[in-house]
Amino acid sequence: MPYAANGQISQSPIEGGVQITEAQYSEALNGMQKGYAVTVDEGFKVGPVPEPEPPEPAPELTEEEKLKRWREIISVSAFQAHQALDDFELYDQVEAIMASPDTPSKTRRAWRMATEFRRLSPTVLELAGVLGLNDEQLDELFSHALTIEA
């Protein structure tokens, strides 16, 4: 005796399957060869493969979550960073910090060699602290930097 379950047929019992007639087995076999699907949820049927359910929409982010994500992904080129600091009259202060022997060599090297600066990078956060910039001021600096073209 043949059996059918969602998406399959067999001459042997199938877990979750139902018994079908030889005629239904033949109909299912022909349908599957044409790309149709076998379903048994609402009785035995052979027909087009059902469209998948659309994914659940992503939950709406709060303004705080949007800002957190922006801070995690934002990155500006070295030129944009340098020019934004100059536009905000901070560039000379940063150069003085970099010239200080008290500034860690890793920070000086990052300032000299980086091709881009990420908003949450250790170097950026360290410089922001030394410059006395709060999160909102640093966000404003990065937002401005994004508008700069070479």
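Modeller: A residue is called buried when its relative accessible area is under 20%. Keep that cut-off in mind as we look through this predicted model.

Biologist: Happy to! Why is Asp139 called buried or exposed?

Modeller: Asp139 has 9% relative accessibility, and buried means under 20%, so Asp139 counts as buried.

Biologist: And what makes Asp139 and Arg119 a salt bridge?

Modeller: The closest N and O atoms of Asp139 and Arg119 are 2.9 Å apart. The cut-off is 4 Å, so the pair qualifies as a salt bridge. This pair links Asp139 in helix 7 with Arg119 in the loop between strand 7 and helix 6, 20 residues apart.

Biologist: Nice. How do you know whether Arg119 is buried or exposed?

Modeller: Its relative accessible area is 1%; with buried meaning under 20%, Arg119 is therefore buried.

Biologist: Which residues do the salt bridges with shared partners join into one network?

Modeller: Arg71, Arg119, Asp135 and Asp139. Within it, Arg71 and Asp135 meet at 3.9 Å, N to O, which is also within 4 Å, so they form a salt bridge.

Biologist: Why is Asp135 called partly exposed?

Modeller: Asp135 has a relative accessible area of 38%. Partly exposed lies between the 20% and 50% cut-offs, so the term fits Asp135.

Biologist: One more, please: how do you know that the length of helix 7 agrees with its residue count?

Modeller: Its 12 residues, at 1.5 Å a residue, should span 16 Å, and the end C-alpha atoms are 17 Å apart, so the two agree.

Methods
Residues are numbered from 1 along each chain as its sequence is written. This is a predicted model: local features need pLDDT of at least 70, side-chain atom pairs count only at pLDDT 80 or more; totals for chains, interfaces and linings use all residues. Side-chain values use heavy atoms; hydrogens and water are left out. Helices (H or I, at least four residues) and strands (E, at least two) are DSSP runs, numbered from the N terminus. The expected span of a helix is 1.5 Å times one less than its number of residues. A salt bridge is a side-chain nitrogen of Lys or Arg within 4 Å of a carboxyl oxygen of Asp or Glu. Buried means under 20% relative accessible area, exposed over 50%, partly exposed in between (1.4 Å probe, protein chains only).
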